[in-house]
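Colleague: I'd like to learn how to read rings and strands in a model. Can we go through one together?

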Amino acid sequence: MKAEEQKKSSEPVAPLKTRIQREFIAWMWVALIFFLINGTVGQARVIPSASMENTLLIGDHLIMSRLGYDAGVPFTNWHVPLWRNPHRQQIVIFQPPFDPNAPNYVKRVIGIPGDTVEIRGGAVWVNGKPLMEPYLEESMDPHERRASVTVPPDSYFVMGDNRANSWDSRFWGFVPRKNIIGTPVIIYMSLDAPPNAWEPGQIRERILAYANAVIHPSLVRWKRLFHTF
């Protein structure tokens with residue numbers, strides 16, 4: 001044992017510069033792995049509007065899966081669509097086609113490529129049949145009626161679950177497949193806070209919302225935590 005200890009103690013210690021370089025390279029690998037996971041597997045999102053109530057509430061914090069849908073470079077708008085395509089009535093997260101610089105939207109796919117979508121009597125009809133929508137908290141306006149449209153290739157017709165308060169395909173048209181970046185998989189946090197706390201750029205308000213939840217735990221919607229989609 002003493003001989004082994006003497007051998008270890010006699011081993012030369014790497015110079016400080018070399019140790020710093022090794023540490024730097026190790027952290028570079030950690031950062032690279034994080035960016036790859038963040039860009040191709042999952043990302044966090046916060047719901048800032050009421051367009052998907054009551055499926056998603058303002059202040060719901062989501063983990064979004066990009067796996068198979070999209071791969072992108074973190075903190076940039078550069079991305080590449082992958083092999084998976086959303087199915088009808090699936091919730092998706094996408095870049096609004098009318099503004100490439102706007103925050104991501106969250107809506108539900110109503111029509112897939114080739115579908116004919118029509119709204120009559122406040123109900124959604126797809127390919128000549130009424131669409132069963134148990135996720136709606138309230139029925140649509142019975143007077144709402146829109147001419148039928150056929151979803152073009154590589155495009156999707158999307159709507160919010162809160163039909164009376166949703167800016168969706170009824171108003172601005174179809175979502176190209178290339179704009180869809182993922183789908184929510186789980187709610188990891190949900191806070192009852194002023195809606196402006198979750199708007200882009202409102203860092204101060206967001207920090208105050210988190211701090212307020214620490215002081216007042218009742219602001220956390222505990223029953224919504226770990227809900228999966």
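Modeller: Sure, let's begin with burial: buried means under 20% relative accessible area, exposed means over 50%, and partly exposed is in between (1.4 Å probe, protein chains only). At 15% relative accessibility, W172 therefore counts as buried. Keep in mind that this is a predicted model, where local features need pLDDT of at least 70, side-chain atom pairs count only at pLDDT 80 or more, and totals for chains, interfaces and linings use all residues. Residues are numbered from 1 along each chain as its sequence is written, and side-chain values use heavy atoms, with hydrogens and water left out.

Colleague: How many aromatic pairs are there?

Modeller: Rings of Phe, Tyr and Trp (its six-membered ring) pair if their centres lie within 6.5 Å; planes under 30 degrees apart are stacked, over 60 edge-to-face, and the rest tilted. That rule gives eight aromatic pairs here. Take F98 and W172: the ring centres are 5.4 Å apart and the planes are at 55°, so this pair is tilted. It links distant parts of the chain, 74 residues apart, with F98 in the loop between β5 (91-94) and β6 (105-111) and W172 in helix α3 (residues 169-172). Those labels come from DSSP runs, numbered from the N terminus: helices are H or I with at least four residues, strands are E with at least two. F98 is partly exposed, at 40% relative accessibility.

Colleague: Is the pair of W167 and F171 stacked or tilted?

Modeller: Stacked, because the planes are at 15°, with the ring centres 5.3 Å apart. There is also a cluster, in which ring pairs link F94, F98, Y105 and W172.

Colleague: What sits over the ring of F171?

Modeller: A charge sits over a ring if NZ of Lys or CZ of Arg is within 6 Å of the ring centre and within 35 degrees of the ring normal. For F171, that is the charged end of R146, 4.8 Å from the ring centre. Likewise, the charged end of R120 sits over the ring of W125, 3.7 Å from its centre.

Colleague: And the strands: in what sense do β5 and β6 pair?

Modeller: Two strands pair if DSSP finds at least two bridges between them. β5 and β6 do so in the antiparallel sense, over four bridges, and V92 has K107 in β6 as its bridge partner. β6 also pairs with strand β11 (residues 155-159), antiparallel over three bridges. Six of the seven residues of β6 are buried, so this strand is largely enclosed by the rest of the structure.
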